[in-house]
Amino acid sequence: MRYSLVYAGKSGDNAAIYAVNGDIYMVKMLPGTYYFAVLGEDDQYSAISTYTINFNKIAELANGGGSDIIGICENAGIVFQSDSDGTNCYVNGNPIDYSYSYVNNLSNSVGSQSYNITIQKRNDVRVYLGDGEFAPGAVYYHSSTRPAMKVSSRAALELTFYADKDFYSIHCRCTGAYDMNNFLDETNVVQVLIDPSTGKLIDIVQFNYYYDFAPVGTNYITIIRQYTMTFY
């Protein structure tokens, strides 16, 4: 026999259930006690039988803001929230912080190296919410040789940020024996990985100076695209 579950009531000052963007099968539940009625075929049920129902908690939602667009990947345990213009974003209830700064100055008898790689977090920077390879997505971050954050392998949120004016700068000035490492660029777009547990940057996917340009040494990032994110 097939059974259905009917919401029957709640108790608690903060108890409330909200459908996520109108989807009755995806809900946000606030802390409280909830009551349900079990119905069988032809509205029949047994008063002496035990019925078991499992609720699957995917992740936390942010309170207020960033709820015009919601992307959910149950297998990765990721919930992405954004305003319709892509300026106010959260992952698993955490505000997303894509800012990054790496500064390193080295010198010896054969030359000098100065590295300054910066992503500025500004109000005019937006996340790309369209389709295709730059759309928000859940991926599995396996490993990399030069991560922005030293974290273990995990599911991650992949996002592309853009703006009308440049906010991502790569200033690598080198002399002498290191002259081949010179690279100067400023751009208004960057694709990054975000840690769902913190909202912080894990790594820069593209363009990445060390993975895409650096002529000396072997650097790499390994990303497995094994998940599908559904948007509501």
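A polar contact is a pair of N or O atoms within 3.5 Å; within protein, one of them must be able to donate a hydrogen and the other to accept it. Keep that in mind as we walk through this structure, which is a predicted model.

Let's start where the definition applies. The side chains of Asp97 and Ser99 make a polar contact at 2.6 Å, which falls inside the limit of 3.5 Å. To find Asp97, look in the loop between β8 and β9, the latter spanning residues 100–108. Although it sits in a loop, Asp97 counts as buried, because its relative accessible area is 18% and the cut-off for buried is under 20%.

From that loop, step back into β8 and the sheet it belongs to. Five strands form an open sheet here, in the order β8-β7-β6-β5-β19, and their pairing is antiparallel. The two edges are taken by β8 (94–95) and β19 (230–231); each has a single partner strand, so one side of each has no neighbour in the sheet. Further in, β6 (residues 78–82) and β7 (residues 89–91) run antiparallel and are joined by three bridges. If you would like a pair of residues to anchor your view, Ser82 stands opposite Cys89 in β7.

Cys89 brings us to the cysteines. How many disulfides does the structure hold? The count is zero. Cys73, for one, is in no disulfide: its nearest cysteine sulfur belongs to Cys89 and is 17 Å away. Cys73 is also buried, because its relative accessibility is 1%. Cys174 is likewise in no disulfide, and here the nearest cysteine sulfur, that of Cys172, is 6.4 Å away. A disulfide needs the two sulfur atoms to be within 2.5 Å, so the 6.4 Å between the sulfurs of Cys174 and Cys172 does not qualify. Cys174 is buried as well, with a relative accessible area of 3%.

Finally, let's turn from these buried residues to the surface. Leu5, Tyr7, Ile17, Val27, Met29, Phe36 and Ile53 make a nonpolar surface patch of about 530 Å². The elements that contribute two or more residues to this patch are β1 (3–11) and β3 (23–29). Ile17, another member of the patch, lies in strand β2, which covers residues 17–20. Is Ile17 buried, partly exposed or exposed? With a relative accessibility of 30%, Ile17 counts as partly exposed, because that class lies between the cut-offs of 20% for buried and 50% for exposed.

Methods
Residues numbered from 1 in each chain as written. Predicted model: local features only at pLDDT ≥ 70, side-chain atom pairs only at ≥ 80, totals over all residues. Heavy atoms only, no water. Patch = residues over 30% accessible without salt bridge, like charges linked within 9 Å, V, L, I, M, F, W, Y side chains within 5 Å. Areas by Shrake-Rupley, 256 points an atom, 1.4 Å probe, with all protein chains shown as cover. Salt bridge = Lys/Arg side-chain N within 4 Å of Asp/Glu carboxyl O. Helix = DSSP H or I, 4+ residues; strand = E, 2+ residues; numbered from the N terminus. Buried < 20%, exposed > 50% of the residue type's maximum accessible area, 1.4 Å probe, protein only. Pairing = 2+ DSSP bridges.
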